[in-house]
Amino acid sequence: MSDPLVSTLSRDVVRAAFPEELPAFDAVAGAYFKRGDRLLRRRRGSQDPLGFGLADVETVATAYTLVYANEIVKELGLLWLKRTGAQARTRFERFRRRRAPRPTPEQMREVLASLTPEQRAAILSVAGTVTRKVGAPADLAERITYEMDLRLRAETDPDAL
């Protein structure tokens, strides 16, 4: 299962910060959406860091960027839920909501437009923490944070870039 918001946000960051990885973006994204964060957690004990034939790649920034973008979209989804007052009515809906709802691109823009700088910083902090937990080097996580912040600002202020 892929997520177009995560893919779009990640692709923009990879294009800006890691252009050398752009040709492999679709392959890495496909593996990420198939296996999730597990593909990065398994990397430590495996010869093949991503599990699909890129054993010679030491660190793939694209995979960490996908993790980061996924966390941002989750946080935006939770903010969107709080703002709309959407409630899970059944046990099944509550279970599904644990995976965090995904706002549409229009809903994401609405949430981004109303974010305070403190809220944006908090979202970036949560996403950065999760990215480091799955093994991203600190300097790589900082670079991703910088680019994600630019992208989030660009959604509400086109002159930010």
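Ala, Val, Leu, Ile, Met, Phe, Trp, Tyr, Cys and Pro are counted here as nonpolar, Asp, Glu, Lys and Arg as charged, and the others, Gly among them, as polar. The structure is a predicted model.

With these classes, the lining of the second largest pocket divides into 7 nonpolar, 1 polar and 4 charged residues. The space in this pocket amounts to about 180 Å³. Its lining comprises 12 residues, of which Thr8, Leu9, Asp12, Met108 and Glu155 are the closest to the centre. At least two lining residues come from each of α1, α6 (105-114) and α8 (138-156). The largest contribution is that of α1, which gives 5 residues to the lining.

Helix packing was examined next. Two packed helices are described by the angle between their axes and the distance between the axes. For helix α1 (residues 4-17) and helix α4 (residues 61-84), the axes come within 9 Å and cross at roughly 135°. The two helices are therefore oblique to each other, and α1 passes α4 in a right-handed crossing. On the α1 side, the contact is formed by Leu5, Val6, Leu9, Ser10, Val13 and Val14, which meet Thr62, Thr65, Leu66, Ala69, Asn70, Ile72 and Val73 of α4. By class, this contact of α1 with α4 contains 9 nonpolar and 4 polar residues, with no charged residues. Leu9 of α1 thus appears both in this contact and among the residues closest to the centre of the second largest pocket.

Helix α4 also packs against helix α7 (residues 117-133), at an angle of about 140° and with the axes 8 Å apart. These helices are therefore oblique to each other as well, and α4 passes α7 in a right-handed crossing. The residues of α4 in the contact are Tyr64, Val67, Tyr68, Glu71, Ile72, Glu75, Leu76, Leu79 and Arg83, and those of α7 are Gln119, Ile123, Leu124, Val126, Ala127, Gly128, Val130 and Thr131. The contact of α4 with α7 divides into 11 nonpolar, 3 polar and 3 charged residues. Ile72 is listed in this contact and also in that of α4 with α1.

A further packing partner of α4 is α6, with axes that come within 10 Å and cross at roughly 85°. Angles of 65 to 115 degrees count as roughly perpendicular, so α4 is roughly perpendicular to α6. Here Leu76, Leu79, Trp80 and Arg83 of α4 meet Gln107, Met108, Val111, Leu112 and Ser114 of α6. The class division for the contact of α4 with α6 is 6 nonpolar, 2 polar and 1 charged. Leu76, Leu79 and Arg83 belong to this contact and to that of α4 with α7. Met108 of α6 is in contact with α4 and is one of the residues closest to the centre of the second largest pocket.

Conventions
Residues numbered from 1 in each chain as written. Predicted model: local features only at pLDDT ≥ 70, side-chain atom pairs only at ≥ 80, totals over all residues. Heavy atoms only, no water. Axes fitted to C-alpha atoms, helices over the stretch in contact; angles between N-to-C directions. Helix = DSSP H or I, 4+ residues; strand = E, 2+ residues; numbered from the N terminus. Parallel < 35°, antiparallel > 145°, perpendicular 65-115°, else oblique. Left-handed = near helix turned anticlockwise from the far one by under 90°. Contact = heavy atoms within 4.5 Å. 1 Å grid on protein atoms, 1.4 Å probe; cavity = no way out; pocket = protein on both sides within 12 Å on 5 of 7 lines; lining within 4 Å. Points joined across faces, edges and corners; volume = space filled by probe spheres on them.
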